[in-house]
Amino acid sequence: MVEEQDGARRWPRTASPFEKWQDAEGLPIYRGSYVEDMYTLELKPWPRLGQLGAFVMLAEQEEDAGLVTEIRPGGQTEPQHHLFEMVIYILDGRGATSFWQQDGRKQTVEWQRGSLFAPPLNCYYQHFNLDGSKPVRMFSVSNAPQAINLYHDGDFVFDCPYVFKERYRADDTYFTDPGRSTGTRAWQTNFVPDVRSFRLEEWRERGAGTNMNFRLGNNTQMAAHISEFPPGHYKKAHRHGVGAHVIILGGAGYSLLWFEGEKERRKVDWLDGSVLSPKEAEYHQHFNTGPNHARYLALRFGVPGVGQGHSNQNPAWMTPDEIDGIPYEREDPAIYDLYVAECAKHGSTVELPRPQVAVPRTAS
Ligand SMILES: [Fe+2]
């Protein structure tokens, strides 16, 4: 039994099907709002994969789930297939993944640190570490909690023979096609070789910077985007539904987290390898205090052109102007003051001009 807070009362409830499945897997479960360093996060042997793993269950939600896995030098995972969508980011190392439908031909794609891809729904796949001297680490986000809670049966989710031909037909160019633009800051592909060097498009609405949204593996729920912003700048505060996992790819800085009406903001310092996940309706704002551009990758709900308005990403309480965030001139001046102090601490120059705070008109 677990307890759930509901206002001032605590209600006992039984564990969800996903929680029961997760407990039975025997892996560490990391909770909270962030993991500081996924490169060094302690993992445990995971019989399902034949390698190491840990769950990353951030932001007090059971809609999507993070997972860090490690493959020993020269090692390989057990083959797997499942009835949920997943997006995989290679934190470190070099390797390859083979994909095949039941009784179908195998196709293999090689990857490296920074690669991004999504196993097609229920397609078999097996990862290989091609480096005999160094482990591979990967971070994935999936909607496994939704699938396991829907069917109440982990075995079914991991052992269903159905072949989804619309999701994957083993086309020769499936993983080699670099993809195509499908609209403003939207890209459809099945494999991104390196998220650190992928060319982004300008996006100024949420502050100076660039961005690109990805549809991968014919997914309809789990998507990704990359954002980058220059030194001396910070993004506008914004909020949305749960499930976005923000992975820092480079640069130095911090994020602030708070709920409407809160005076105290939680500060999370980050660097390459940190992952942060805001809670439902929790404001979050990202600050660059380093000498270089800060780039991050978000694994989240909401596929460009398919499920961009996914209810987990854009719930009904959101107003349209919340997508662009709180305008600088309407934010608490303490936010800029803290940024100035943090940049001074790191020896960097603030480029964003001090916002001219809008003064409410008095009746005359
Ligand atoms: Fe966000």
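Reader: How many bridges join strand β9 to β10?

Author: This is a predicted model. In it, β9 covers residues 94–100 and runs antiparallel to β10. One position that shows the pairing is S98, which stands opposite T108 in β10. The number of bridges joining the two strands is six.

Reader: Which strands are the edge strands of the open sheet formed by β10, β9 and β12?

Author: Strands of a sheet pair through backbone hydrogen bonds, either parallel or antiparallel. Here the order is β10-β9-β12, with antiparallel pairing. Two of these strands pair on one side only, and they are the edge strands: β10 (107–112) and β12 (124–129).

Reader: What does the twist average from one strand to the next?

Author: The sheet in question is the open one with three strands, in the order β10-β9-β12. From one strand to the next, its twist averages 20°.

Reader: Is H81 buried or exposed?

Author: H81 lies in the loop between β7 (65–71) and β8 (86–92). The cut-off for a buried residue is under 20% relative accessible area. H81 has 6% relative accessibility, so it counts as buried.

Reader: Which side chains make a polar contact with the side chain of H81?

Author: Leaving out residues up to four places away in sequence, H81 touches N122, C123, Y124, V157, F158, D159 and C160. A polar contact needs a pair of N or O atoms within 3.5 Å. The H81 side chain makes one at 3.1 Å and another at 3.4 Å, and the partners are the side chains of N122 and Y124.

Reader: How far apart in space are H81 and P161?

Author: In sequence, H81 and P161 are 80 residues apart. In space, C-alpha to C-alpha, they are apart by 9.2 Å.

Conventions: Residues numbered from 1 in each chain as written. Predicted model: local features only at pLDDT ≥ 70, side-chain atom pairs only at ≥ 80, totals over all residues. Heavy atoms only, no water. Helix = DSSP H or I, 4+ residues; strand = E, 2+ residues; numbered from the N terminus. Buried < 20%, exposed > 50% of the residue type's maximum accessible area, 1.4 Å probe, protein only. Contact = heavy atoms within 4.5 Å. Polar contact = N/O pair within 3.5 Å; in protein donor to acceptor, adjacent residues only side chain to side chain. Pairing = 2+ DSSP bridges. Axes fitted to C-alpha atoms, helices over the stretch in contact; angles between N-to-C directions.
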